[in-house]
Amino acid sequence: MKLEGRAALITGAGSGIGRAIALRFAAEGASVAVNDIVSETAAKTVEAMGATRERAFAVQADVSSSAEVKAMFAQVSERFGGLEILVNNAGVAEFGPDQTAEVNRKAEARIGEMMAGGPLRTHWDMTQELSDADWHRMIGVHLNGTFFCTREALKLMSARNRGVIINISSVAALRGIEIAAHYGAAKGGILAFTRSLAHEVASRNIRVNAICPGWVETAMTGGFSFMLRAFTTSQIPMRRWAEPDEIAGTALFLASDDSSYFTGQWLSPNGGLFTG
Ligand SMILES: NC(=O)c1ccc[n+]([C@@H]2O[C@H](COP(=O)([O-])OP(=O)(O)OC[C@H]3O[C@@H](n4cnc5c(N)ncnc54)[C@H](O)[C@@H]3O)[C@@H](O)[C@H]2O)c1
């Protein structure tokens, strides 16, 4: 087992990618703190761990609140006495039902216009319509949340001069995303934070890397229409989206000693969508 005797905290682990990472780490011998803003889903992830759930616990906290993050780390410290692995995974896409319907409608109109060979007359206009609240929420959960959790984790990791931090960014940080520039900005910020922090904490034997997934089958992307899914899939050389467990495999590599010479890097499981 690759993570025997190590304590890990995974944020946003009640669903999707975070849940898959939590289950994989537990199966590899880690003691796992399962965070989510929704306590019931965090508890369900712990339940799904089978016998290894004895080493795990669920901890509810909103990662965009530094006070809640501090309280969460107090629980982690009390329970585990330290922390070897942090995965900053919690995220939102902030598409309410109305917005999702509008994105799907525009996507279908644009696909029709592209296939007709003419100019695009349907414009996304997402950013000019974006509210202050939606911008701040996106930056707050992804970028502030990553900082708040990392700051507390570093205090525990520095005490032993040992640790691994994995930040979930996105292919949106590498190639852009036309329907959510605020999401791209948050994920790009996470990538830049990863690189700088890796330089800062290397002398403490703490490695910091990012994962930039392409399209993954989770609740976050569940509202995409058939046409929008078909369009995104058509851009992927492997012609399919990833399953959450395929991202968990990358996280396990970065958390384990198999990646002992990796720091400040990004790995992008994306089916060939971005190869730069
Ligand atoms: N699904 C994709 O295609 C895709 C692609 C690239 C990157 N990502 C990133 O992967 C990460 C996981 O997303 P997912 O696709 O598994 O989505 P998901 O919606 O299945 O899971 C996200 C989880 O984060 C939790 N969460 C949201 N806000 C939170 C907060 N403030 N504090 C604590 N928990 C919070 C949610 O309750 C949910 O359980 C996100 O950072 C996302 O941006 C997803």
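For my tally I count Ala, Val, Leu, Ile, Met, Phe, Trp, Tyr, Cys and Pro as nonpolar, Asp, Glu, Lys and Arg as charged, and the others, Gly among them, as polar. Note to self: this is a predicted model.

**Entry 1, around the ligand**

With that split, I sorted the shell around the ligand and got 13 nonpolar, 15 polar and 2 charged residues. Then I asked which of the 30 residues around the ligand come nearest. The list reads G12, S15, G16, G91 and T218. I also looked up the elements that give two or more residues to this shell, and they are α1 (16–27), β2 (31–36) and α6 (132–160). α1 gives the most, with 3 residues, and that sent me to the helix next.

**Entry 2, helix α1**

I checked the length of α1 first. At 1.5 Å a residue, its 12 residues should span 16 Å, and I find the end C-alpha atoms 17 Å apart, which agrees.

Is α1 enclosed or open? Of its 12 residues, 11 are buried, so the helix is largely enclosed by the rest of the structure. I wrote down the buried ones: G16, I17, G18, R19, A20, I21, A22, L23, R24, F25 and A26. G16 is thus on two of my lists, as it is also among the residues that come nearest the ligand.

What covers the buried residues of α1? The cover includes the strands β1 (7–10), β2, β4 (85–88) and β5 (163–168), along with the helices α2 (39–47) and α10 (244–255). After α1 comes G29, and I noted its positive phi, near 100 degrees.

**Entry 3, the sheet**

I traced the strands next. There are 7 of them in an open sheet, ordered β3-β2-β1-β4-β5-β6-β7, with parallel pairing. β3 (57–60) and β7 (266–267) are the edge strands, each pairing on one side only.

At the β3 end, 4 bridges join β2 to β3, and A33 has F57 in β3 as its bridge partner.

**Entry 4, strand β5**

I picked β5 for a closer look. It pairs with β4 in the parallel sense over 4 bridges, and V87 has I166 in β5 as its bridge partner. On to β6 (residues 206–211): 6 bridges join β5 to this strand, again parallel. I168 is matched there with I211 as its bridge partner.

Which way do the residues of β5 point? G163, I165 and N167 point one way and V164, I166 and I168 the other way, and all are buried. That makes 6 of the 6 residues buried, so I put β5 down as largely enclosed by the rest of the structure.

Conventions:
Residues are numbered from 1 along each chain as its sequence is written. This is a predicted model: local features need pLDDT of at least 70, side-chain atom pairs count only at pLDDT 80 or more; totals for chains, interfaces and linings use all residues. A residue is near a molecule or strand if its C-beta atom, placed from the backbone, lies within 6 Å of it. The expected span of a helix is 1.5 Å times one less than its number of residues. A residue is buried if 20 or more other C-beta atoms lie within 10 Å of its own, exposed if 12 or fewer, and partly exposed in between; C-beta atoms are placed from the backbone. Two residues are in contact if their C-beta atoms, placed from the backbone, lie within 7 Å. Two strands pair if DSSP finds at least two bridges between them.
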